[in-house]
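Reader: Hey, got a minute? I've just opened this one and I'd like someone to walk me through it.

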Amino acid sequence: MSPDHVFTAEENARIIRRVFDEFVNQGDFSVVDEIYSPDMVDHQPLPGAPDGTAGVKYTIAGLREGFPDLHVTIEALSAHADYVVIHNTWRGTFTGEFLGMDPTGEAIEFKGVVVWRLADGLICERWGIGVESAMLEALGLGWLMSGALGRKGRRRKGGGMDLAELAATVSSLTEAPSPTEAASPTEASRP
């Protein structure tokens with residue numbers, strides 16, 4: 001790519017699909033060095049994760065250790081300028097050690113929303129919305145989110161957005177009707 005290339009929303013969406021298709025689901029950790037900025041900020045990493053791409057690898061390695069059959073399905077994706085928003089479903093069987101917990105052998109499934117910010121074709125920031133709390137709930141540890149483990153996400157150098165600012169930004173970018181305003185498929189097909 002030329003240094004003057006401006007990445008489109010569609011190109012950014014393809015990059016985010018690679019996160020799941022190649023990295024999370026297939027375990028190809030080399031993808032991280034191709035599509036993440038070295039100083040990437042994950043606002044909801046696993047506890048103990050280092051900063052940058054090392055933290056990204058640490059988080060997914062921890063998840064894949066605890067859930068060797070981990071698979072994430074992207075249910076919906078919306079790309080707008082430098083932001084990509086996905087709704088996804090995480091599935092796996094808890095057969096390995098995870099966050100100091102012994103495996104239970106139970107299959108878990110949980111859903112969440114992830115917002116990504118990219119710049120120049122590289123992932124710079126990630127916000128998980130409901131992913132961590134849904135995972136803890138699926139593991140029977142939902143009570144931990146009542147404050148014992150709740151913490152503010154990391155902020156990128158030079159400032160950054162908190163979740164309220166992020167939600168407002170995503171809302172302004174999508175300008176989609178709310179689910180209550182959108183017509184159901186049966187209503188939309190009526191004359």
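Author: Sure, let's start with the aromatic rings. Ring pairs join Phe20, Trp90, Phe110 and Trp116 into a cluster. Keep in mind that this is a predicted model.

Reader: How many aromatic pairs are there in the whole structure?

Author: A search of the whole structure gives 7 aromatic pairs. Take phenylalanine 20 and tryptophan 116: their ring centres are 6.1 Å apart and their planes stand at 80°, so this pair is edge-to-face.

Reader: And where do phenylalanine 20 and tryptophan 116 lie?

Author: Phenylalanine 20 is in helix 1 and tryptophan 116 is in strand 4, so the pair ties together parts that are 96 residues apart in sequence.

Reader: Is phenylalanine 20 buried or exposed? What about tryptophan 116?

Author: Phenylalanine 20 is buried, with a relative accessibility of 2%. Tryptophan 116 is buried too, with a relative accessible area of 2%.

Reader: OK, what about the rings of phenylalanine 67 and phenylalanine 98?

Author: Those two have centres 5.3 Å apart and planes at 65°, so they make an edge-to-face pair. They link distant parts of the chain, 31 residues apart: phenylalanine 67 sits in the loop between helix 3 and strand 2, while phenylalanine 98 sits in the loop between strand 3 and strand 4. Phenylalanine 67 is buried at 2% relative accessibility, and phenylalanine 98 is buried with a relative accessible area of 1%.

Reader: Let's switch to the sheet. What's the strand order?

Author: The order is 1-5-4-3-2, in an open sheet of 5 strands with mixed pairing. Strand 1 (36-42) and strand 2 (71-80) are the edge strands, each pairing on one side only. On average, neighbouring strands are turned by 25° against each other, direction ignored.

Reader: Which way do strand 2 and strand 3 run, and how many bridges join them?

Author: They run antiparallel and are joined by 9 bridges. Across that pairing, alanine 76 stands opposite histidine 87 in strand 3. The two strands form a hairpin with 2 residues between them, and alanine 81 in the turn has a positive phi of about 55°.

Reader: And strand 3 to strand 4, how many bridges there?

Author: There are 11, and those strands also run antiparallel. Glycine 92 has isoleucine 108 in strand 4 as its bridge partner.

Reader: How much of strand 3 is buried?

Author: 8 of its 11 residues are buried, so strand 3 is largely enclosed by the rest of the structure.

Reader: What about strand 4 and strand 5, how do they pair?

Author: Strand 4 (residues 107-119) and strand 5 (residues 122-129) pair in the antiparallel sense over 7 bridges. Tryptophan 116, the residue from the ring cluster, stands opposite arginine 126 in strand 5.

Reader: Where does helix 3 pack?

Author: Helix 3 (residues 52-66) packs on the sheet, where it touches strand 1 and strand 3 (83-93), and its direction makes about 65° with that of strand 1. Then there's helix 4 (residues 131-138), which lies across strand 3, strand 4 and strand 5 and runs at about 165° to strand 4.

Reader: New topic: how many salt bridges does the structure hold?

Author: It holds 6 salt bridges. In one of them, arginine 18 pairs with glutamate 22, with the closest N and O atoms 2.9 Å apart. These residues are 4 apart in helix 1 (residues 9-24), which means about one helical turn separates them.

Reader: Which residues are linked in a network of salt bridges?

Author: Arg18, Glu22 and Glu34 are linked that way.

Reader: What does lysine 57 form a salt bridge with?

Author: Lysine 57 forms one with aspartate 33, and the closest N and O atoms are 3.2 Å apart. Aspartate 33 is in helix 2 (residues 30-35) and lysine 57 in helix 3, so to speak distant parts of the chain, 24 residues apart. Aspartate 33 counts as exposed at 53% relative accessibility, whereas lysine 57 counts as partly exposed at 26%.

Reader: And which residue does glutamate 109 meet in a salt bridge?

Author: That's arginine 91, at 3.2 Å from N to O. Glutamate 109 lies in strand 4 and arginine 91 in strand 3, so the pair ties together parts 18 residues apart in sequence. Glutamate 109 is partly exposed, with a relative accessible area of 45%, and arginine 91 counts as partly exposed at 33%.

Key: Residues are numbered from 1 along each chain as its sequence is written. This is a predicted model: local features need pLDDT of at least 70, side-chain atom pairs count only at pLDDT 80 or more; totals for chains, interfaces and linings use all residues. Side-chain values use heavy atoms; hydrogens and water are left out. Two strands pair if DSSP finds at least two bridges between them. Axes are lines fitted to C-alpha atoms, for helices over the stretch in contact, and angles run from 0 to 180 degrees between N-to-C directions. Contact means heavy atoms within 4.5 Å. A salt bridge is a side-chain nitrogen of Lys or Arg within 4 Å of a carboxyl oxygen of Asp or Glu. Buried means under 20% relative accessible area, exposed over 50%, partly exposed in between (1.4 Å probe, protein chains only). Rings of Phe, Tyr and Trp (its six-membered ring) pair if their centres lie within 6.5 Å; planes under 30 degrees apart count as stacked, over 60 as edge-to-face and the rest as tilted.
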